[in-house]
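Here is a briefing on selected features of one protein model. Please keep the sequence and the structure open while reading.

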Amino acid sequence: MKKTIFLLLFVAQLSIAQTNFDSIPKSEKKELQLDEVVISGTLKAVKRLETSVPVEVISATFLKQNPTSNIFDALQNVNGLRPQNNCNVCNTGDIRINGLDGPYTMVTIDGMPIVSALGTVYGLSGIPNSMIEKIEVVKGAASTLYGSEAVGGLINIITKKTKSVPVFTADVFSTSWLENNIDLGYKSTIGKKVDALFGINYFSYQNPIDNNNDNFTDIALQNRISVFSKWNINRKSEKEFSIVSRYLYEDRWGGEMQWNKSFRGGNQVYGESIYTSRYELLGKYQLPVKEKMYLQFSLISHDQNSVYGDSFFLANQKIGFGQFLWDKNFKNHSMLFGSAFRYQFYNDNTPATATSDHSKIYSFFVQDDIKFSEKTGLLLGSRYDYNSNHGSIFTPRIAIKWKPTAADILRLNFGTGFRVVNLFTEDHQALSGARDVVLVDNLNPETSYNINLNYLKKFKFENLGVLNVEMSSWYTYFTNRIFADYDLNPNQIIYDNLDGFSKIFGLSANADWISPFGLKASVGASYFDPITKQDGVSFIPLFTEKYSLNWSINYEIPEWFLSFDYTGNLTGPMRLPLLSELDPRREYSQPFSVQNIQFTYKKIHNLEIYSGVKNIFNWTPNRGNPFLIARANDPFDQNVQFDGNGTALPTVDNPYGLTFDPTYAYGPNQGARFFFGLRYHID
């Protein structure tokens, strides 16, 4: 197995920009990938081959290779990123970066934070793909620039510029499971000073399917609508002023096949029903001064009304964020000064939140990117945060780059990350309402240390095109990770900082090949070695795969007006949550692969017709397991017997001593399905 893993690590891919090559002369296509400008690594525009911080770029073209209704699913074929399904009933999830849990991933739109705590579960749904220019990914601690939550990394969704998009775009597709997605975009000029971009995404799935025969829906049914707008105000000074807004409403449910809304909140038929209403307002304004100074802000409101069987989860979160940036260059120094303020209100009805939480974070940071020569550079950064609950937090950062040739760059990054305490939880065990919340001690913010070594090489071949190869190794160490212990006492949720440590070591290799004869191929592999130690006992964390492999192949046949896409991933084994020593399900998942094919026909002017198959080998996680949902036949635990400590007892009706639990989830429950779609635009 070790030989296989290390062999995979030398197979190449780079999840970098696959720019829209159709509108670019062939002679220029091969030169673009590493010359693309990125901003997420340093909050300053810099070419990808020049930045001290490795940044991976996912273009809108990449998103089209495997059409999805949301960004959450679209990221499944990006090396080092994995969408995690957290529930077999409602199918909510989060994004893991380099093996770390979803709460350690910060998501931003145009650099402004949109996802935190509650929003992590749903914030990636409903962003219209037609509005996305590209997605930039930073792996590793990024708290020096982005603050709390950016411990594992950053996903920055960059929206299209209003002047560079068609007047109208439409992308519509449907699948054999009767999933229907409509994505529309429209550009308008209002007077002489305002350019506006509008987008609507509507997704509907109303076809209950139970292929694994447990009387529960394999995937949750959804009705989701998202309305997006971006306003660019043209100023005489040509300085930037833009405002982005989005509204999302989602009605999602999963449960027993006979469930309908008349059973919502009752104990006759089990269902999980989630109503989500979310507003986002983001803005960026360049000050009318000689210096390059910017004001940025974001306002987020998230309201959720959820029912899990007969347990209600009512939650409300509001986040206000403001930031000042001063971009200053002199001699060989590229400086960035910033200050930020973040206010968060959160309240829910679970035992984990006895009173509403009002949290404030005041931040100051500075960054200096020093260029010693054409080959060497040093980036220094530091951030000071003052949190109203935890006091002072300091996060330094250092990055060294060496560029021996125009096609090589070696980067060594060291950074620290932090995450402030947030007791929000959407766990089925917590939502029973029967557990008391116990805070063992005054919780401290989580602190992590990350070191990353990255090498990027660009090869040019006279007759074979361009090959970009990237290799990385990283190590992340947590000193006081926060965790919720549900196992020590079945009647309590015990929150405490880790009495021990948590760490993860990883390797990755990526490569991207662009040929002169219509073939583009990318493949990447990652290896993860995590360990957590608590009270002297070491164990492997849940849901961290041992290795992963991702690939995509695109082949253009111009004389046939046809293109072919083949995408897929391979996910290695991971430890899964068992409920007792008698639980018959696998403690470790088997390796699994989800693969997709697509054909696109482009002969008709401004129209693309595409069709294909998702999950062509029909993989689902029930393979090799007697069941996925524990006690699916008794979701209200009416026939479960407990001892005096609240522990389920083995009986004739319940031989494994289990309670109802749908959290044994690690991969997509949806099998193979066909899809057909149309893309159309008006220039």
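The notes below cover a surface patch, two buried polar residues and a set of paired strands.

This is a predicted model, in which local features need pLDDT of at least 70, side-chain atom pairs count only at pLDDT 80 or more, and totals for chains, interfaces and linings use all residues. Residues are numbered from 1 along each chain as its sequence is written, and side-chain values use heavy atoms, with hydrogens and water left out.

**Nonpolar patch**

- A nonpolar surface patch covers about 950 Å², and its members include Ile-398, Trp-402, Phe-414 and Tyr-449.
- Patch residues have over 30% relative accessible area and no salt bridge, with nonpolar side chains (Val, Leu, Ile, Met, Phe, Trp, Tyr) joined within 5 Å and like charges within 9 Å.
- A salt bridge is a side-chain nitrogen of Lys or Arg within 4 Å of a carboxyl oxygen of Asp or Glu.
- Areas come from the Shrake-Rupley method with a 1.4 Å probe; for residues, only the protein chains shown count as cover.
- Strands S21 (391–402), S22 (408–419) and S24 (446–461) each supply at least two patch residues.
- Strands (E, at least two residues) are DSSP runs, numbered from the N terminus.
- Ile-398 sits in S21.
- Its relative accessibility is 31%, so Ile-398 counts as partly exposed (buried is under 20%, exposed over 50%, partly exposed in between; 1.4 Å probe, protein chains only).

**Lys-134**

- Lys-134 belongs to strand S8 (residues 132–139).
- Lys-134 is buried, at 11% relative accessible area.
- Its side chain makes a polar contact of 3.3 Å with the side chain of Glu-136 (a pair of N or O atoms within 3.5 Å; within protein, one must be able to donate a hydrogen and the other to accept it, and residues adjacent in sequence count only if both atoms are side-chain atoms).
- Beyond four places in sequence, the contacts of Lys-134 include Val-37, Ile-58 and Ile-157 (heavy atoms within 4.5 Å).

**Thr-544**

- Thr-544 lies in the loop between strands S30 (537–539) and S31 (547–557).
- With 6% relative accessibility, Thr-544 counts as buried.
- The side chains of Thr-544 and Arg-96 share a polar contact of 2.9 Å.
- Arg-96, Phe-528 and Pro-573 are among the residues that Thr-544 touches beyond four places in sequence.

**Strand pairing around S10**

- S10 (residues 168–175) pairs with S11 (residues 179–190) in the antiparallel sense, over 7 bridges (pairing needs at least two DSSP bridges).
- Phe-168 has Tyr-186 of S11 as its bridge partner.
- The S10–S11 hairpin has 3 residues between the strands, and Leu-178 there takes a positive phi near 70°.
- S10 also pairs with S35 (residues 673–682), antiparallel over 8 bridges.
- Ser-174 stands opposite Phe-676 in S35.

Technical notes:
Helices (H or I, at least four residues) and strands (E, at least two) are DSSP runs, numbered from the N terminus.
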